[in-house]
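The following explanation leads the reader through the structure shown here, beginning with a metal site and continuing to a set of paired strands.

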Amino acid sequence: MPAAVYQADGSMPVEQLPIPTPGPGEVLVEVSHCGVCGTDLHLVLERYARPGAVLGHEWSGTVVAAGNSDWSVGTEIVVNPKSGCGTCRPCLLGRPSVCLRRPPPDYFGFRGAFARYVTAPADRLLTLPDGLALRTAALAEPTAIAIHAANLAGVAPGDRVLVTGGGPVGLLITAVLAARGVRDITVSEPAPARRERALEVGASEAVAPDSLEQAPMGRPVASPFTFAFECSGVAPAAEAALDQLDYAGTLVFVGTGRDWPRINHNRAIVLELTIIGAYNYDADGFGPALALLASGDLPVDRLVEPVDVSLRELRSTMDQLAAGRLPGKVLVRPGADV
Ligand SMILES: [Zn+2]
Ligand SMILES: [Zn+2]
């Protein structure tokens with residue numbers, strides 16, 4: 001089967017690999033669509049991945065061999081995240097995404113879905129809600145991340161929200177918040193194409209980062225925000241996000257990055273700010289994300305780039321994504337390669 005295989009020099013040629021054999025309790029799935037994630041970009045462009053790894057973790061597919069499970073061939077599915085142990089401290093707090101007993105994530109030797117076929121645990125498959133296309137279902141994972149970030153933060157419709165970074169994650173969080181009735185969302189983003197897209201997915205305003213107000217010492221800016229979601233992973237954006245918060249405001253870190261921001265702790269103290277990180281998913285997994293995607297309340301056609309790419313086109317697409325030339329989520333269709 002064709003698969004995009006990471007090489008030490010940062011390239012990702014399509015190679016022919018054996019179709020994986022499902023183990024006990026597993027099924028074989030043909031990948032329909034797999035999204036390109038910021039994590040994939042970090043791993044490939046910054047060369048963190050292990051040579052030989054096949055990346056890709058935002059995917060949907062069709063069962064093609066059911067093994068000894070009860071699933072039928074042809075069933076369209078996504079794979080739900082592993083649930084936590086249920087007994088450790090984070091699990092008891094309802095946060096299995098940071099369960100103390102989860103196996104360490106193997107981002108480096110990953111066997112992912114930038115390939116025609118993958119195996120999956122039969123007990124973690126989720127069928128798609130009626131009317132939800134496989135292509136849209138490939139957004140289940142990033143949508144679950146956006147829902148989790150919104151839930152952890154505790155945003156309510158009356159909040160004034162700033163999103164720094166209008167890439168795929170920032171756009172999805174904007175769209176999820178808008179679908180929940182948040183009306184006042186400002187996206188701060190340097191790329192004009194992404195600012196334009198932000199307005200199309202639910203932002204009430206889209207601004208260039210340098211137009212954000214300078215914060216006066218010890219008190220809020222003139223039009224402060226109650227929440228800021230930092231989705232760019234860029235240190236100055238995080239610093240600006242903190243500066244834009246109102247008294248008792250909350251900064252949510254969502255985007256990872258290489259350079260760490262300098263946190264103005266004096267500001268956090270005087271304004272009694274809360275700073276949290278959001279990673280992974282809620283305890284109920286991908287179900288709510290699939291339901292939201294099926295509801296029609298998300299502008300899926302504006303969140304996803306209109307043209308899907310083949311495995312062969314994936315590596316050059318990553319360069320375009322990193323350069324900010326493609327505002328939305330890019331989906332890979334491994335079935336396009338032979
Ligand atoms: Zn991801
Ligand atoms: Zn646990």
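In this account, donors are N, O and S atoms within 2.8 Å of the metal, and because water is not among the atoms, sites may look incomplete. The model is a predicted one. For the zinc ion (ligand 1), the protein donors are Cys 37, through SG, and His 57, through NE2, and they lie 2.1 to 2.2 Å from the ion. This pair links distant parts of the chain, the two residues being 20 residues apart. Cys 37 belongs to the loop between strand E3 (26-35) and helix H1 (38-45), whereas His 57 belongs to the loop between H1 and strand E4 (58-65).

How accessible are these two residues, buried or partly exposed? Buried means under 20% relative accessible area. Cys 37 has a relative accessibility of 13% and therefore counts as buried. His 57, with a relative accessible area of 24%, is partly exposed.

Attention now turns to a later part of the chain. Strand E11 (residues 225-230) pairs with strand E12 (residues 245-253) in the parallel sense, over five bridges. Within this pairing, Phe 227 has Thr 250 in E12 as its bridge partner. Together with helix H7 (residues 235-243), E11 and E12 make a right-handed β-α-β unit.

Strand E12 also pairs with strand E13 (residues 274-277), in the parallel sense and over four bridges. Here the bridge partner of Leu 251 is Ile 275, in E13. With helix H8 (residues 265-270), E12 and E13 make a right-handed β-α-β unit. Strand E12 thus takes part in the unit with E11 and H7 and in the unit with H8 and E13.

How values were computed: Residues numbered from 1 in each chain as written. Chains lettered and ligands numbered in written order. Predicted model: local features only at pLDDT ≥ 70, side-chain atom pairs only at ≥ 80, totals over all residues. Heavy atoms only, no water. Donors = N, O, S within 2.8 Å, 3.2 Å for Na, K, Ca; no water. Buried < 20%, exposed > 50% of the residue type's maximum accessible area, 1.4 Å probe, protein only. Pairing = 2+ DSSP bridges. Right-handed = clockwise from strand over helix to strand, strands pointing away.
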